Amino acid sequence: MESNQQNKGTFAWAGLVIMTLAAGAFGFMYFDQKDQTETKEVAIVEKAKELAFTQTKLDSVSRNLDAKIAETQQLGGNIEELMKVKARLETDKANLKKNSRFEVAKYTAKIKEYEQFLADKDVELAKLREENTVLTATNQTLNTENSGLKTEREALTQVKQQLTDSVMTYSSQNRELSEKVAIGAALKAENIKVLAVTPKGKIKDDDSYKAKRVDKIKLQFNLPPNPLTQPDEKEIYVRVLDPDGAVISDEAMGSGKFNWKGQEMMFTTKDRVAYQNTNQTVEMVYDNAQKFRPGKYSVEVYAEGFRIGSSNFTIK
């Protein structure tokens, strides 16, 4: 009986020891698992912080790079290299979002590289700003000079126009004066007579002649002195118009055309006269092979672009 009680006590004590040991083992396992969990949580939190920090730095670099691109464009610089770096940065940002196991050191190195690139571009931009300042100042100076030149050119244009107007006025006045001088210097045929030459060679002086007694006509007139006229050889044209107003002409007898006031006109006969400025008498003879028919005839005398006299005669 006593032996049974001792055995029961021993078993009870052994059970208590086992339970105590089990409890200790479970407690150790529990706290060890808790420590591992807390360590993992800390690691995850740190990783998240590093990811967020890296993302923030890349975004900052991206904004800074965009600003550099915009300013470089505005200043007229070359953005080709900036755009290449921009494309590489966007790729790195996209890869960062996709990759949960990113390497902090790798991205830290990339960020330093980007920041150094931006620092180098700051130096280039400073030079570009300085160059643009100089160019702007030069451009302003050129604009001022251009405005001055424009004003001067306008003034010169106005002066030129005034000179042109003056020249045109003087030219017009000179032309008018030249015309007046030319008119004043023109020859004049005075005391014009139309004489009839009979087939026998006799000369008749009358206002009218019988057709059968007129073989030729002889034109006689004076050239009075004129101080404005140069004493030299003058070409004198005569036009004889029949009763119908047609010019009597025969090329075989020396007829032809001459220019008068810009138009060609037929002449009956012509002669070259040595003008002496002494009231000399001029005689010109015309033989009409077709004979003169009855009617009233007109005679016009021209020299040096002017009609210098006229007369008429009648054939009965």
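Partly exposed means a relative accessible area between the buried limit, under 20%, and the exposed limit, over 50%. By that reading R88, at 39% relative accessibility, counts as partly exposed. The legends below describe close-up views of a predicted model.

**View 1. A salt bridge joins E113 and R88.** The closest N and O atoms of E113 and R88 are 3.9 Å apart. E113 lies in helix α3, residues 104-185, and R88 lies in helix α2, residues 80-98, so the pair ties together parts that are 25 residues apart in sequence. E113 has a relative accessible area of 48%, which makes this residue partly exposed. R88 is partly exposed as well, with a relative accessibility of 39%. The structure holds 19 salt bridges, and the pair of E113 and R88 is one of the salt bridges. Side chains of opposite charge can pair when their charged atoms come close.

**View 2. K234 and E304 meet through their side chains in a salt bridge.** The N to O distance is 2.9 Å. K234 belongs to strand β5, residues 233-241, while E304 sits in the loop between β10 (295-303) and β11 (306-315). The two residues are 70 residues apart, and the pair links distant parts of the chain. K234 is buried because its relative accessible area is 3%, and the limit for buried is under 20%. E304, in contrast, is partly exposed, with a relative accessible area of 43%.

**View 3. D244 and R293 form a salt bridge between two loops.** Their closest N and O atoms are 2.6 Å apart. D244 is in the loop between β5 and β6, and R293 is in the loop between β9 and β10. With their positions 49 residues apart in the numbering, this pair also links distant parts of the chain. D244 has a relative accessible area of 63% and is therefore exposed. R293 counts as partly exposed, at 37% relative accessibility. Elsewhere, E233, E235, K270 and R272 are joined into one network by salt bridges that share partners.

**View 4. T268 is a buried loop residue.** T268 is found in the loop between β7 (263-267) and β8 (269-274). The relative accessibility of T268 is 0%, so this residue counts as buried. The side chain of T268 reaches the backbone oxygen of I248 at a distance of 2.7 Å. Leaving aside residues up to four places away in sequence, T268 touches V238, R239, V240, V247, I248, G254, S255 and Y286. I248 thus appears both as a contact of T268 and as the residue whose backbone oxygen the T268 side chain reaches.

**View 5. K261 has a positive phi in a loop.** The phi of K261 is about 55 degrees, although K261 is not a glycine. This residue lies in the loop between β6 (256-260) and β7. K261 is exposed because its relative accessible area is 68%, and the limit for exposed is over 50%.

**View 6. N279 has a positive phi in the loop before β9.** N279 is not a glycine, yet its phi is positive, at about 60 degrees. The loop that holds N279 runs between β8 and β9, and β9 covers residues 280-287. At 39% relative accessibility, N279 counts as partly exposed.

Note on methods:
Residues numbered from 1 in each chain as written. Predicted model: local features only at pLDDT ≥ 70, side-chain atom pairs only at ≥ 80, totals over all residues. Heavy atoms only, no water. Helix = DSSP H or I, 4+ residues; strand = E, 2+ residues; numbered from the N terminus. Buried < 20%, exposed > 50% of the residue type's maximum accessible area, 1.4 Å probe, protein only. Polar contact = N/O pair within 3.5 Å; in protein donor to acceptor, adjacent residues only side chain to side chain. Contact = heavy atoms within 4.5 Å. Salt bridge = Lys/Arg side-chain N within 4 Å of Asp/Glu carboxyl O.
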